[in-house]
Amino acid sequence: MNDNGKNLLEKITDLDPELIAGAEKKPRRISNLFIGITSGMATLAAAALIAVAVNHNLPAKPPIVDTNSSAPSSGTSSDSGASSSSGSDSATDSSSGKSSVQEPASDPPQLDFSEYSYLPKISTKNYSVTGYGSGGGLIDYEGMYLWELDYSSPWKGADLKTMPVYMSDSTEIPDLDRMYARVKEIAAALGISEDKLTITDTYHDMTDTIEQHRKWGEEAGDPPEEIEALIDRMVRQVMSMVEVEAVGEGISICLNTAYEAIIDFDEPIELPREYNFSNSATAEEKEAVMSYLAERYKALTGYGDSVSVRPEAYGGYVYDANGDITQQIVNYWINSTDFYIDNNTGKLEWIRVQSDSALENLDNYPILTSGQAEAILKSNKYDGDNRMPADANILKTEMVYYNMAGSTAVIPYYEFYVESDKDYFSSSGYDVICKVYTIAAIPEEFIDMETTDYGVRA
């Protein structure tokens, strides 16, 4: 670690006003966090003044086509792609103004995971403004095309008993030497020598800010532990926003503390003549382009011989499909590379490389089945709109990981896509609007709810 990271009070700086910027929202998804009643809410309100500047409106992870009709399933309607509900509008949102009868909710299922009692509880705090930090509760509305409902990650409803949980160092004082080395490594993989790069970072000294907040807290008579907790949260949030940028001739490489790199080309990269990724390109032509890019940038990705590719409207992505189903799921969400192609010009504009470099495998934790998670969301654990309707028309279920700068833990979640008539996207042309319920796949007894900012409690 270089000197920037050796002593907090010597090297942490005042937050540059330029960092205080509103994060761009993904236009097709609108989020409403369930805010849990936790001891950290006061610090959340203070820290929410800091926002992350986002340079790209990154697309959601495009899923892989499920061509295996015999894939194992947990046996619930949510794994089948559509529920057994009739064609009536059974998933009407109570918030939409239409009348809907909510069936009496049952008690949450009583589940026994005592054989894993040796595992430590997970703190799922998130110090990022736009991040998952919950034991479970997030509701989004998302516009989707029908063809998207047919795609899924490698999970495909597989009957898995455990999944890995990772701890992240993305909120710690960053090792800038290591981050500098990573952007140099990326540049070398792109054929750019170190002497052609100008490398800078956004590390800031917060000494004055820390002392000012400590003084204000003392003057207000706040308990010392509350003052230090606020300072710790503030520092961690600013540290999660540190980036290292390498600029060379015609290119920039920006790396965040989750070791997600964005590679921008000043002049978009022309594809060879035999490849077509225009608006008129067929699915086969687009897949050929993604295979070409996977091979061309193999030195950048470091993936093995088994690489899965998925073309989308604007480029696509690749990931290493080696390993068992568990590793493939992790690779799909955490170790993958997105290629953004302007389909008007057919040129490659930027690349995003995601990595597990900032993660430490804590252990394999037991997980709920998707059916158990669905039952919890439909139970009386939640009230009102936070509860999934008993007759919800579940169009799709997915297991996901979110590795974001600012997370202390990276855990698996279930997402349930429920048909909705909420009119957020009336002019978008989407085929269906889904209310997306997200819940931790890890049972709540393994999550430290006292240190969870966004909780599963109604």
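Let me start with a definition: the axis of a helix is a line fitted to its C-alpha atoms over the stretch in contact, and the angle between two axes runs from 0 to 180 degrees between their N-to-C directions. We will need that in a minute. Hello everyone, and please keep in mind that what we are looking at today is a predicted model.

First, the overall picture. The protein has 10 helices and 18 strands. It has 458 residues, and 51% of them are buried. Now think about contacts between residues at least 6 apart in sequence: 76% of these join residues at least 24 apart.

Let's go to a pair of helices, α5 and α6. How are two packed helices described? By the angle between their axes and the distance between the axes. For α5 and α6, the angle is about 155° and the axes are 10 Å apart. An angle over 145 degrees counts as roughly antiparallel, and α5 and α6 are therefore roughly antiparallel to each other. Their crossing is right-handed.

Which residues make the contact? On the α5 side you will find Thr209, Ile210, His213, Arg214, Gly217 and Glu218, and on the α6 side Ile227, Glu228, Leu230, Ile231, Met234 and Val235. Sorted by character, the residues of this contact are six nonpolar, three polar and three charged.

Please find arginine 214 on your screen, since we will stay with this residue for a moment. Arginine 214 forms a salt bridge with glutamate 211, at 2.9 Å from N to O. Both residues lie in helix α5, which covers residues 207–220, and they sit three residues apart, about one turn of the helix. Is glutamate 211 buried, exposed or in between? Its relative accessibility is 36%, so glutamate 211 counts as partly exposed.

Arginine 214 also meets glutamate 228 in a salt bridge, with 3.1 Å from N to O. This pair links distant parts of the chain: arginine 214 is in α5, while glutamate 228 is in α6, residues 224–240, and the two are 14 residues apart. Glutamate 228, at 38% relative accessibility, counts as partly exposed.

How many salt bridges does the structure hold? There are 13. Another one pairs lysine 184 with glutamate 194, and their closest N and O atoms are 3.2 Å apart. Why is this pair interesting to trace? Lysine 184 lies in helix α4, residues 176–189, and glutamate 194 in the loop between α4 and β6, so the salt bridge ties together parts that are 10 residues apart in sequence. Lysine 184 has 28% relative accessibility, so this residue counts as partly exposed. Salt bridges can also form a network here, as they do among Glu172, Asp232 and Arg236.

Now for two buried residues. Asparagine 331 is found in helix α9, residues 325–334. Buried means under 20% relative accessible area, and asparagine 331 has 6%, so it is buried. What does asparagine 331 touch? Leaving aside neighbours within four places in sequence, asparagine 331 is in contact with Tyr319, Asp320, Asn322 and Ser336.

The other one is tyrosine 417, in strand β17, which spans residues 412–420. With a relative accessibility of 7%, tyrosine 417 counts as buried too. Try tracing the chain from leucine 395 to tyrosine 417: they are 22 residues apart along it, yet their C-alpha atoms are separated by 5.6 Å.

That's my tour, and thank you for listening!

Technical notes
Residues are numbered from 1 along each chain as its sequence is written. This is a predicted model: local features need pLDDT of at least 70, side-chain atom pairs count only at pLDDT 80 or more; totals for chains, interfaces and linings use all residues. Side-chain values use heavy atoms; hydrogens and water are left out. A salt bridge is a side-chain nitrogen of Lys or Arg within 4 Å of a carboxyl oxygen of Asp or Glu. Helices (H or I, at least four residues) and strands (E, at least two) are DSSP runs, numbered from the N terminus. Buried means under 20% relative accessible area, exposed over 50%, partly exposed in between (1.4 Å probe, protein chains only). Angles under 35 degrees count as roughly parallel, over 145 as roughly antiparallel, 65 to 115 as roughly perpendicular and the rest as oblique. A crossing is left-handed if the near helix is turned anticlockwise from the far one by less than a right angle, and right-handed if clockwise. Contact means heavy atoms within 4.5 Å. Ala, Val, Leu, Ile, Met, Phe, Trp, Tyr, Cys and Pro count as nonpolar, Asp, Glu, Lys and Arg as charged, and the others, Gly among them, as polar.
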